[in-house]
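Trainee: I would be grateful for a close look at a single part of this model, taken slowly and with its surroundings included. Please choose one helix and follow its contacts outward.

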Amino acid sequence: IQRYLNLPHGEPQLITAQCDTKGKGTDYFVMPILQEYDGVYYCVDCVCDNSADYEVQYENAANVLVNNSVQECEFESNAGGDRVALEVNKRVQDKGWICNITSRPTETNKEARIFQCLSWILQNVIFKDPSLYSPKEPYGVMMSLLKQYSVSGKKQLDDVPDVFSNFALKIQRKQRRKQTIIMSSPI
């Protein structure tokens with residue numbers, strides 16, 4: 001895992017977020033905030049909470065999006081995530097901020113997706129140095145869950161690696177769209 005003490009100089013090209021909403025039981029609501037500098041993504045903040053109080057989740061998500069001036073956020077729409085996206089978007093707008101909030105279903109096996117994206121995440125996402133957060137704050141909880149995950153096949157909390165794998169796929173989709181060339185017809 002790559003770490004940073006300071007962000008690069010200048011303004012980020014993009015401030016983005018990815019959200020995996022909470023299902024039932026021990027699931028976590030996880031939403032990392034990432035700033036892009038020259039194709040590298042610095043994870044600067046997050047929501048990482050397993051509270052069953054949806055109103056608290058909506059409010060925490062809206063606050064983190066507004067406080068970090070997030071420009072776009074994609075919610076996983078499986079298991080009601082599209083409804084959560086609408087609720088969070090209402091709160092973001094009520095706070096006077098505009099964020100392009102979208103939802104998208106996941107269509108691939110979670111474990112396979114995490115394994116597929118692991119290398120990209122390790123090469124392109126940089127996390128805060130441990131001296132910049134405490135273990136009990138949301139960022140510390142997120143990092144603990146990320147570091148505990150193993151592709152060994154045992155049943156474990158996989159919400160954090162899952163949200164980062166969905167983020168990796170979102171960025172790769174965007175890069176493919178940018179590479180599409182439109183040619184004029186010779187006729």
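Mentor: A salt bridge is a side-chain nitrogen of Lys or Arg within 4 Å of a carboxyl oxygen of Asp or Glu. With that cut-off, Glu55, Glu59, Glu87, Lys90, Arg91 and Lys95 are linked in a network of salt bridges. The model is a predicted one, and 8 salt bridges are found in the structure.

The helix to examine is H2, which covers residues 81-94. Its geometry can be checked first. H2 has 14 residues, and at 1.5 Å a residue these should span 20 Å; the C-alpha atoms at its ends are 20 Å apart, so expectation and model agree.

Next comes the division of the helix into sides. The buried residues of H2 are Gly81, Val84, Ala85, Val88, Asn89, Arg91 and Val92. Viewed down the axis of H2, the buried residues fall within an arc of 165 degrees, and therefore they line one face of the helix. Leu86, Gln93 and Asp94, on the other side of H2, are exposed. The cover over the buried residues of H2 includes E3, H1, E5 and E6.

One of the covering elements, H1, is also tied to H2 by charge. Arg91 and Glu59 form a salt bridge through their side chains, with an N to O distance of 3.9 Å. This pair joins distant parts of the chain, since Arg91 belongs to helix H2 and Glu59 to helix H1 (residues 54-67), 32 residues apart. The two partners differ in their surroundings: Arg91 has a relative accessible area of 16% and is therefore buried, the limit being under 20%. Glu59, with a relative accessible area of 30%, is partly exposed.

Glu59 has a further partner in Lys95, and the N to O distance in this salt bridge is 2.6 Å. This pair, too, links distant parts of the chain: Lys95 is in the loop between H2 and strand E6 (100-104), whereas Glu59 is in helix H1, 36 residues apart. Lys95 has a relative accessibility of 34%, so it counts as partly exposed. Glu59 thus forms salt bridges with Arg91 and with Lys95.

Within H2 itself, Glu87 and Lys90 form a salt bridge in which the closest N and O atoms are 3.6 Å apart. Because these two residues are 3 apart in helix H2, about one helical turn separates Glu87 from Lys90. Glu87 is partly exposed at 21% relative accessibility, and Lys90 is partly exposed at 47%.

The buried face of H2 can now be followed into the interior. The largest nonpolar core has 26 residues, and those with the most contacts inside it are Met31, Ile33, Leu65, Cys73, Phe75, Val88 and Ile101. Val88, one of these, is also among the buried residues of H2. Two or more residues of this core come from each of strand E2 (14-19), E3, E4, H1, E5 and H2. H1 gives the most to this core, with 5 residues. Phe75 offers a detailed view of how H2 meets its surroundings: leaving out residues up to four places away in sequence, Phe75 touches Gly81, Val84, Ala85 and Val88, and its other contacts include Phe29, Met31, Ile101 and Thr102. Apart from this core lies another of 25 residues, among them Cys48, Phe127, Met142 and Met143.

The backbone after the helix also deserves a remark. Gly96 follows H2 and has a positive phi, near 85 degrees. Most residues other than glycine have a negative phi. Ser69 is not a glycine, yet its phi is positive, about 50 degrees. Ser69 lies in the loop between H1 and strand E5 (72-76), and at a relative accessible area of 31% it is partly exposed. Ser69 and Trp97 are 28 residues apart in sequence, with their C-alpha atoms 7.8 Å apart in space. Neighbours within four places in sequence aside, Ser69 is in contact with Ile15 and Trp97. Asp38 likewise has a positive phi of about 50 degrees without being a glycine; Asp38 is found in the loop between strand E3 (29-37) and strand E4 (40-49). At 68% relative accessibility, Asp38 counts as exposed.

Conventions
Residues numbered from 1 in each chain as written. Predicted model: local features only at pLDDT ≥ 70, side-chain atom pairs only at ≥ 80, totals over all residues. Heavy atoms only, no water. Helix = DSSP H or I, 4+ residues; strand = E, 2+ residues; numbered from the N terminus. Buried < 20%, exposed > 50% of the residue type's maximum accessible area, 1.4 Å probe, protein only. Expected span 1.5 Å × (residues − 1). Arc of directions from axis to C-beta. Contact = heavy atoms within 4.5 Å. Core = buried A, V, L, I, M, F, W, Y, C linked by side-chain atoms within 4.5 Å.
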